[in-house]
Amino acid sequence: MKQSRRSFLTQIGLLSASPLLASSDLLASTLPAPAIQYGYAAITWGNDIKQSILDISSLGFKGIQLRANAFTEFGQKPEELIQLLKAAKLKLAMYSSGNANINTGNDEAEIAKHVESARFVKILGGSSIQLTNSSRPKTGEVSNEDLVKYAKLLNEIGKRTAAIGIKTTYHNHMGQLGQTPEEVDVILKHTDPKLVKLLLDIGHYQQGGGDPVTAIKNYKDRLECLHIKDVKDTSDAKGFIFVELGQGRVDLPAVFSALKAINYSKYAIVELDAVPVKGRTPLESGQITRDYLINKLGITI
């Protein structure tokens, strides 16, 4: 059968382009995977922000997460905090803006305090704020209505902070709305992906009955940040304690494999709420975690 002129020219064009396509595919397959950015949360140091900056820098981390106490100390003099971070060669990886409570009766006041945080973060050169929730009932089950109500509040905060150029991220947390995987899912399903991102805390998610690896896969398009955290069981009333990486039951190698599989390249922030062993310093806890990341997982921070 005789080929048409158009068909012939089309085949010639495809053949001539194929070496370029093959070359492009080969290049893509040899490029290194995107590098995760590593940070450390200042919460372990309590209110000693200056010492946290010095210690986190000395550990070799490039990012730091600060809390609302940073605004209390530096809100009127942000240039001083900027210089401290610059001298320590640290970037603001995340800022904890605290709780967004749905039961105050004054949503506008709740929204306003997080917008104020966003403005502060903008001055510091950051890009995101983290929100938790203090509205979980002390007894009884969490209602779907409360989860949806919280999601709506997050949406409004996200809308206002986006106008400033700052992202709003939801942080799952034990003892709060979003303690269980099912609750997290409801909150995320009722928030606008364009306005509210996810800060997945793998320690809280594990303790809440979830699998962090599954969460990473399911929410890969919502992930803005991670809290890399370990947890182990205790015999006291609380039943658990957060510990340095490698000291608990979170499958951290599987977590990092999952992050590699989705080409995650944003911040993974080590968070340890408090030093778990009496007499140990925050810096010593940081050294345990850093050595685990480097020596056990082969990670360059």
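## Helix H5 and the turn after it

In this predicted model, Gly-125 adopts a positive phi of about 90° just after helix H5. The helix that ends there covers residues 107-124, and its 18 residues reach 26 Å from the first C-alpha to the last, close to the 26 Å expected at 1.5 Å a residue.

The buried residues of H5 are Glu-110, Ile-111, His-114, Val-115, Ser-117, Ala-118, Phe-120, Val-121 and Leu-124. An α-helix has 3.6 residues a turn, so residues three or four places apart point the same way. The partners against which the buried residues of H5 pack are three helices and two strands, namely helix H3 (69-74), helix H4 (78-87), helix H6 (144-162), strand E3 (91-99) and strand E4 (128-132).

## Aromatic pairs

The model holds seven aromatic pairs. In one of them, the ring centres of Tyr-38 and Phe-256 lie 6.4 Å apart with the planes at 40°, so this pair is tilted. The two residues come from distant parts of the chain, since Tyr-38 belongs to strand E1 (residues 37-41) and Phe-256 to helix H10 (residues 252-261), 218 residues apart. Tyr-38 counts as buried because its relative accessibility is 8%, which is under the 20% cut-off, and Phe-256 is likewise buried, with a relative accessible area of 11%.

Another pair is formed by Tyr-40 and Phe-61, whose ring centres are 5.2 Å apart and whose planes stand at 65°, so that the pair is edge-to-face. Tyr-40 lies in strand E1, whereas Phe-61 lies in the loop between helix H2 (49-59) and strand E2 (63-66), so the pair ties together parts that are 21 residues apart in sequence. Both Tyr-40 and Phe-61 are buried, and ring pairs link these two residues with Trp-45 into a cluster.

## Asp-201 and Lys-229

Asp-201 is found in strand E6 (residues 196-201) and is buried, with a relative accessible area of 0%. Its side chain reaches the backbone nitrogen of His-204 at 2.9 Å, and a polar contact of 3.3 Å joins the side chain of Asp-201 to that of Lys-229. When residues up to four places away in sequence are not counted, Asp-201 touches His-171, Asn-172, His-227, Lys-229 and Glu-271.

Lys-229 also takes part in an arrangement with an aromatic residue, for its charged end sits over the ring of Phe-242, 4.3 Å from the centre of that ring.

## Ile-301 and Pro-282

Ile-301 is placed in the segment after helix H11 (282-296), and with a relative accessible area of 15% this residue is buried. Although Ile-301 and Gly-39 are 262 residues apart in sequence, their C-alpha atoms are 8.3 Å apart in space. Leaving aside neighbours within four places in sequence, Ile-301 is in contact with Tyr-38, Leu-59, Gly-60, Phe-61, Lys-62, Arg-290 and Leu-293; among these residues, Tyr-38 has its ring paired with Phe-256, and Phe-61 has its ring paired with Tyr-40.

Pro-282 is located in helix H11. Between Pro-282 and Leu-272, which are ten residues apart in sequence, the distance from C-alpha to C-alpha is 8.9 Å. Apart from neighbours within four places in sequence, the contacts of Pro-282 are with Thr-44, Trp-45 and Val-275, and Trp-45 is one of the residues in the ring cluster with Tyr-40 and Phe-61.

Methods:
Residues numbered from 1 in each chain as written. Predicted model: local features only at pLDDT ≥ 70, side-chain atom pairs only at ≥ 80, totals over all residues. Heavy atoms only, no water. Helix = DSSP H or I, 4+ residues; strand = E, 2+ residues; numbered from the N terminus. Expected span 1.5 Å × (residues − 1). Buried < 20%, exposed > 50% of the residue type's maximum accessible area, 1.4 Å probe, protein only. Contact = heavy atoms within 4.5 Å. Phe/Tyr/Trp six-rings, centres within 6.5 Å; stacked < 30°, edge-to-face > 60°. Lys NZ or Arg CZ within 6 Å of the ring centre and 35° of its normal. Polar contact = N/O pair within 3.5 Å; in protein donor to acceptor, adjacent residues only side chain to side chain.
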